Amino acid sequence: MNIQWFDHVGKPALLSSIRQVKNDSDFIEHIDSVKWENTTLEAGNEITGLLAIKYSDLYHNWNPLVKEAKKILDGEIIPSIKSDLISHEIILNNVKWDLVNYLMEDVYKDKLKFDLFFYGLITVYESGHIPCGWDGEWPKGNLVIY
């Protein structure tokens, strides 16, 4: 609730290991790309795959948590986000996906033995920017932000 959504978009970022796009057209190209969608899907699937195989009892508790999280997202967080960057729906879909996966990482972080991808995305949002792409073949490479 304390995130100042997109307040620093287009301004220099003070984050490491990122590539920053400079304009709206580059941002749109990245955030709406199949490559970015596939990257976030792979990162999410890495979490769910590990949990389903190694911690299936714990993983079965995830669906009720998602229902509660989505109520909070849809009722409080998403309505607070204002954006004129591109289609508001594209932005909100990305934010919701990232937040739900971040919550999964947070709930199960003691079981995950790899870098927390969605935690990094939240750091970008907290800095007033928006994650929008990936440079390289995931998991190697750098995050692209606006």
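Helices here are DSSP runs of at least four residues, numbered from the N terminus. In this predicted model, helix H5 spans residues 88–108 and includes Glu105. This residue makes a good starting point for a tour of the structure. Glu105 is buried but takes part in no salt bridge, and the nearest side chain of opposite charge, that of Lys109, is 9.5 Å away. With residues up to four places away in sequence set aside, Glu105 touches Ile47, Leu112, Leu116, Phe117, Phe118 and Tyr119.

Two of these contacts of Glu105, Phe117 and Phe118, reappear among the aromatic residues. Phe117 and Phe118 join Trp36, Trp134 and Trp138 in one aromatic cluster. Aromatic pairs number 10 in the model. For Phe27 and Tyr146, the ring centres are 5.0 Å apart and the planes meet at 20 degrees; because planes under 30 degrees apart count as stacked, this pair is classed as stacked. Phe27 belongs to helix H1 (residues 24–31) and Tyr146 to the segment after E3, so that the pair links distant parts of the chain, 119 residues apart. Both Phe27 and Tyr146 are buried.

Attention now turns to the sheet. Three strands in the order E1-E3-E2 make up an open sheet with mixed pairing. Strands E1 (18–20) and E2 (131–135) occupy the edges; each has a single partner strand, so one side of each lacks a neighbour in the sheet. From one strand to the next, the twist averages 30 degrees. E1 runs parallel to strand E3 (residues 142–145), and three bridges join the two; Gln20, for instance, has Ile145 of E3 as its bridge partner. Helix H6 (residues 117–126) packs on the sheet, where it touches E2 and E3, and its direction makes about 130 degrees with that of E2.

The pairing of E2 with E3 is antiparallel and extends over four bridges. Here Asp135 has Asn142 in E3 as its bridge partner. The two strands E2 and E3 form a hairpin with six residues between them, and Gly136 in the turn adopts a positive phi of about 115 degrees. Although E2 stands at an edge of the sheet, four of its five residues are buried, so the strand is largely enclosed by the rest of the structure.

Salt bridges add another set of links, five in total. One of them joins the side chains of Asp135 and Arg19, with an N to O distance of 2.7 Å. Since Asp135 lies in strand E2 and Arg19 in strand E1, this salt bridge ties together parts that are 116 residues apart in sequence. Asp135 is partly exposed, with a relative accessible area of 32%, and Arg19 is also partly exposed, at 32%.

Another salt bridge brings together the side chains of Lys71 and Glu68 (3.3 Å, N to O). Lys71 and Glu68 are three residues apart in helix H4 (residues 62–80), a separation of about one helical turn. Lys71 is exposed, with a relative accessible area of 55%, whereas Glu68 is partly exposed, at 44%. A further salt bridge connects Lys111 with Asp110, whose closest N and O atoms are 3.5 Å apart. Lys111 is partly exposed, with a relative accessible area of 23%, while Asp110 counts as exposed at 51% relative accessibility.

Notes
Residues numbered from 1 in each chain as written. Predicted model: local features only at pLDDT ≥ 70, side-chain atom pairs only at ≥ 80, totals over all residues. Heavy atoms only, no water. Buried < 20%, exposed > 50% of the residue type's maximum accessible area, 1.4 Å probe, protein only. Lys, Arg positive; Asp, Glu negative; His and termini not counted. Salt bridge = Lys/Arg side-chain N within 4 Å of Asp/Glu carboxyl O. Contact = heavy atoms within 4.5 Å. Pairing = 2+ DSSP bridges. Axes fitted to C-alpha atoms, helices over the stretch in contact; angles between N-to-C directions. Phe/Tyr/Trp six-rings, centres within 6.5 Å; stacked < 30°, edge-to-face > 60°.
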